[in-house]
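Student: I have a model open and would like to learn how to read it. Can we take it feature by feature?

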Amino acid sequence: MKFSQVMSSGGEWLRGEGPHHQVVVSSRVRLARNLRHHPFPGWAKKAERTQILEQIKPQVEGLTEMQDSFSELLQDLSALEKQVLVERHLISREHAAKGVGSAVVMNRKQTLSIMINEEDHLRMQSIRSGLQLKSAFKLVDKVDSTLEARLDIAYDQRLGYLTACPTNVGTGMRASAMLHLPGLVLSDLINQVIQAVNKIGLAVRGLYGEGTEAMGNLFQISNQTTLGEKEDEIISRLTKVIETIIDKEHDARQVLIQKKSDTLSDQIGRAYGVLTYAHAMTSKEALNLLSVMKLGVDLGAFPEDRRLPIDELFIETQPAHLQKTSQQKLNAEERDFLRAQIIRDRLKLFPKPDMGKMAREPEGTSSSEPNHHE
Amino acid sequence: MLCDVCKCNDASVFLTQIIEGKMQKVNLCDACSKEKGVQDPTGFALADLLLGIGAAEEIEKGASTQKCPVCGFTQADFKKTGRLGCSACYRTFAEGLGTLLKAMHKGVEHVGKLPERAAKQLELSDKMRTLSDNLEKAVAEENYETAAALRDQIKQLELQITS
């Protein structure tokens, strides 16, 4: 598979309609593994890293899950191509900075991506649309078991899987979900939720993980600890917390509709107006406004069949995707013009928001889909 | 001064907290302090949230000259990068890491997935223990015929384990 094919096919999670897709954009589970008797990538010399890569890469490419895969050495990818993969969450920002001695292998559906010589020798990640942490874990766990039989993996009877960073030792697992929480942000409840989640040992981060800003009302929530708890326990604990947040988000949206419908209509109307008529737009502004449009679709102000173009714009207006589509390197100002143009084109046939259709949910069904009756 | 958590940005938030009579200091950058919820001093406990950074300083005091015999990694390298050199470092720096892991994680022992290879090793070593116990008993009871048979089994098992 070539990079152009990665670009043209969106990847399952980007257009998927997984469970709770209104609030949960995607679920990811990654496992960190290392080879015994070899220094971790950050400490290994270039020659050692290359040797480790040569040992691991054929095994990864030989997985049945990786038939018809995209496999590339990091030094053979351009900066732009790496950034496209980061924007799709297929490689980490840290991995994008790597060159000789590192590689990435991913399947055609882009549900499985394996980074070789990131912070650990192996970072295996499964990504699914909606809230599907269990099935994401199942896939990556199976791949792990297959590789384990073919590679000598560093494992300690007491500490479990040994990783470069002690924060990952044990299961080596990080499970995370990307949540879209405009209701909680608009009602100023988000900090309360973040603090509550932090207190029970889970982490909340921005769009691209550690140290990144929350944009577009998107938040990543993940387990913080990896030692002393079983994988399935971590996943069900996380899932429960996420389900609670989903309920809180739906409740917040209902309160907004009932008590602050003017504010809500104003936000949606402004987002529609600016996106439809603006001629220059930063990616941050685009994300924030698209988030409000997505909320508009969720609440029924826009027809359900307009969901996909909005979801697609989230990723297409990211800086690297923009440049890759236009086949040229653009400076920030040029990107802002092009971004606004793409959005205008896409929204040309978009109906005006119909605030009267914003659905109130009947009592007690806060986590179900809003209905679209008139 | 760099942030103790991300080790990338300059620290701008300097925290001191006394926990069980011990003073712990942590330096954070703006982003990490926000992420850890440090803006709200009532909302967090240093030891819980900051991944045992105080503990990291403690290990440094005790064994700053220690060096991993397998990969040559030192305690100072760990302080600088927050990462270890190789899987053997977990044994080399076991003492200090113990405190750190305890502060970082839910438990101090892995209870999750057991790789097949390790499971097999575990099974063999369990078997070995049983055989050795039986051998001891047989010798004590002067049951030499059984003891000889057990010794043969142990030899076979040893071969299996090393192969």
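What follows is a short dialogue on a predicted model.

Student: What scores does the model carry overall?
Tutor: The predicted model has an ipTM of 0.82 and a pTM of 0.80.

Student: Now the sheet in chain A. In what order do the strands lie?
Tutor: Read across the sheet, not along the sequence. In chain A the order is β2-β3-β4-β5-β1-β8-β10-β9. That is an open sheet of 8 strands with antiparallel pairing.

Student: Which strands stand at the edges?
Tutor: β2 (70-73) and β9 (202-205) of chain A. Each has a single partner strand, so one side of each is left without a neighbour in the sheet. From one strand to the next, the twist averages 15°.

Student: How many bridges hold β9(A) to β10(A)?
Tutor: There are 4, and β9(A) pairs with β10(A) (residues 218-223) in the antiparallel sense. To find the register, look at A:V204, which stands opposite A:I221 in β10(A).

Student: Which helix lies across β8(A), β9(A) and β10(A)?
Tutor: Helix α9 of chain A, residues 231-259. This helix also lies across β1 of chain A. Against β8(A) (173-180), α9 runs at about 10°.

Student: Take β5(A) next. Is this strand enclosed or open?
Tutor: Count its buried residues. In β5(A), residues 122-129, 8 of the 8 are buried, so the strand is largely enclosed by the rest of the structure.

Student: Which way do its side chains point?
Tutor: Start with the general idea. In a regular strand the side chains alternate between the two faces of the sheet. Here A:L122, A:M124, A:S126 and A:R128 point one way from β5(A). A:R123, A:Q125, A:I127 and A:S129 point the other way. Both sets are buried, arginines included.

Student: What joins β5(A) to other strands?
Tutor: Take each neighbour in turn. Strand β1(A), residues 24-33, is joined to β5(A) by 8 bridges and runs antiparallel to it. There, A:R33 has A:L122 as its bridge partner. Strand β4(A), residues 112-116, is also antiparallel to β5(A), with 5 bridges. On that side A:L112 is matched with A:S126.

Student: Which residue in the hairpin of β4(A) and β5(A) takes a positive phi?
Tutor: A:N117, with a phi near 60°. The hairpin has 5 residues between the strands.

Student: Is A:Q110 buried or exposed?
Tutor: Place it before you judge it. A:Q110 is in the loop between β3 (103-106) and β4 of chain A. The cut-off for buried is 20 or more other C-beta atoms within 10 Å. A:Q110 has 20, so it counts as buried.

Student: What is A:Q110 in contact with?
Tutor: Leave aside neighbours within four places in sequence. Then A:Q110 is in contact with A:G11, A:E12, A:R88 and A:L90. For a distance check, take A:F137, 27 residues apart from A:Q110 along the chain. Their C-alpha atoms are separated by 15 Å.

Student: How do α13(A) and α14(A) cross?
Tutor: Helix α13 (residues 319-326) and helix α14 (residues 332-347) of chain A have axes that come within 10 Å and cross at roughly 80°. That makes α13(A) roughly perpendicular to α14(A). At the crossing, A:P319, A:L322 and A:S326 of α13(A) meet A:R335, A:L338 and A:R339 of α14(A). By class, the contact has 3 nonpolar, 1 polar and 2 charged residues.

Student: How many residues of chain A are in contact with chain B?
Tutor: 38 residues of chain A, against 36 residues of chain B. Three elements of chain A give two or more residues to that side: α6 (133-150), β6 (155-156) and α8 (190-199). The chain A side has 14 nonpolar, 14 polar and 10 charged residues.

Student: What does chain B consist of?
Tutor: It has 8 helices and 2 strands. Along the sequence the pattern is β-β-α-α-α-α-α-α-α-α. Of its 163 residues, 26% count as buried.

Student: Where is pLDDT lowest among the elements of chain B?
Tutor: Begin with a caution. Where pLDDT is low, the predicted coordinates should not be read in detail. Chain B has a mean pLDDT of 77, and 75% of its residues reach 70 or more. Among its elements, helix α2(B) (residues 46-49) has the lowest mean, 46, and helix α5(B) (residues 89-92) the highest, 93. Over residues 40-63 of chain B the pLDDT is below 50. Beyond near neighbours in sequence, that stretch still has 44 contacts in the model.

Note on methods. Residues numbered from 1 in each chain as written. Chains lettered and ligands numbered in written order. Buried ≥ 20, exposed ≤ 12 C-beta atoms within 10 Å, placed from the backbone. Pairing = 2+ DSSP bridges. Contact = placed C-beta atoms within 7 Å. Nonpolar A, V, L, I, M, F, W, Y, C, P; charged D, E, K, R; others polar. pLDDT = per-residue confidence, 0-100. Axes fitted to C-alpha atoms, helices over the stretch in contact; angles between N-to-C directions. Parallel < 35°, antiparallel > 145°, perpendicular 65-115°, else oblique.
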